[in-house]
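Please examine the sequence and the three-dimensional structure shown below before reading on. The report then describes the chain as a whole and some of its residues.

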Amino acid sequence: IEDFTGFKCKNCPDAATELEAIENLYEGKIVGIGVHVGYFATPGGDFITDFRTDAGEDLDAFFGASLSGLPVGLINRMGYPNALSQHTDWASTVSDIINQEATVAITISDNGNQITVQAKELSTISGNLKLVVCITEDGVIDKQIVDNIVMNDYEHNHVLRKHLNGTWGTDVSLTNEYTTFDFSYTLDSS
């Protein structure tokens, strides 16, 4: 679930709470990404941390998230390219698809500054496949508007920090045997 958000968005904490509830309900099956975009993510005044990323801005420009009014999100990018949905619909959408049989098996491991992804087809897939590898950060304490009040110690989770292979990922071809993809990265010390 890609959650388009911003620290000056008073309704965005509700979406973050919804995302956390869905992750807890389907433990280990949901990956949340907090994509900070648009006006509500632009630093200014007391809000000095810049959570925005180039990839997040690209996604916002393509999907029109900040034009739709935050918070909105994408679930598996279903309905692409018109895939945005309201956070109040996320739980029912996830419930509808969570038990579908997987078509791809993926394992992810990291070692130092390298991420290894292994993927294989579980059933025949038609169309082009893309692999997008990104890094998120949990437990970032910073400002957030909650119910029209500025909280100085809000915990931001799922914060998108970096796409390792470009905004739109890498074209991949899979078979019924695992294919390995390696990605090296360096994180900004901040």
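The following paragraphs go from the overall form of the chain to its cysteines, its backbone and one loop residue.

**The chain as a whole**

The structure is a predicted model. Its protein chain contains 4 helices and 13 strands. The radius of gyration of this chain is 17 Å, close to the 16 Å that the globule rule gives for 190 residues, so the chain is as compact as a globular protein of that length. Along the principal axes, the C-alpha atoms occupy a box of roughly 50 × 40 × 30 Å.

Of the 190 residues, 41% count as buried. The chain exposes about 10900 Å² of surface, and carbon and sulfur atoms supply 46% of that area. When contacts between residues at least 6 apart in sequence are considered, 62% of them join residues at least 24 apart. As for charge, the chain carries 10 positive and 28 negative side chains, and the centres of the two sets lie 4 Å apart.

**The cysteines**

How many disulfides does a search of the whole structure find? The search finds 1 disulfide. Cys9 and Cys12 form this bond, with their sulfur atoms 2.2 Å apart. Both of these cysteines are buried. The torsion about their S-S bond is about 85°, so the disulfide is right-handed.

Why does Cys134 not bond with Cys12? The sulfur of Cys134 is 18 Å from the closest cysteine sulfur, which belongs to Cys12, and this is too far for a bond. A disulfide requires the two sulfur atoms to be within 2.5 Å. Cys134 is partly exposed, with a relative accessible area of 25%.

**Backbone features in loops**

Most residues other than glycine have a negative phi, and most peptide bonds are trans. Against this background, two peptide bonds before prolines and two residues with a positive phi deserve attention.

The peptide bond from Leu70 to Pro71 is cis, with omega near 0°. Pro71 is placed in the loop between helix H3 (65-68) and strand E3 (72-74). Tyr80 and Pro81 are likewise joined by a cis peptide bond, and here omega is about 5°. Pro81 lies in the loop between E3 and strand E4 (85-86).

The residues with a positive phi are set out in the table.

| Residue | Phi | Relative accessible area |
|---|---|---|
| Asp147 | about 50° | 60% |
| Asn148 | about 65° | 59% |

Neither Asp147 nor Asn148 is a glycine. Asp147 belongs to the loop between strand E9 (140-146) and strand E10 (149-156), and Asn148 is also found in the loop between E9 and E10. Asp147 is exposed, and Asn148 is exposed as well. For a residue to count as exposed, its relative accessible area must be over 50%.

**A residue in the loop before helix H2**

Where is Thr49 found? Thr49 occupies the loop between strand E2 (33-36) and helix H2 (54-63). This threonine is partly exposed, with a relative accessible area of 24%.

With which residues is Thr49 in contact, once its neighbours within four places in sequence are left aside? They are Phe7, Pro43 and Asp142. Gly73 is 24 residues from Thr49 along the chain, and the C-alpha atoms of the two are separated by 22 Å.

Key
Residues are numbered from 1 along each chain as its sequence is written. This is a predicted model: local features need pLDDT of at least 70, side-chain atom pairs count only at pLDDT 80 or more; totals for chains, interfaces and linings use all residues. Side-chain values use heavy atoms; hydrogens and water are left out. Helices (H or I, at least four residues) and strands (E, at least two) are DSSP runs, numbered from the N terminus. The radius of gyration is taken over C-alpha atoms; the globule rule is 2.2 Å times the number of residues to the power 0.38. Buried means under 20% relative accessible area, exposed over 50%, partly exposed in between (1.4 Å probe, protein chains only). Contact means heavy atoms within 4.5 Å. Accessible areas come from the Shrake-Rupley method with a 1.4 Å probe; for residues, only the protein chains shown count as cover. Lys and Arg count as positive and Asp and Glu as negative; His and the chain ends are not counted. The place of a charge is taken as NZ of Lys, CZ of Arg, CG of Asp or CD of Glu.
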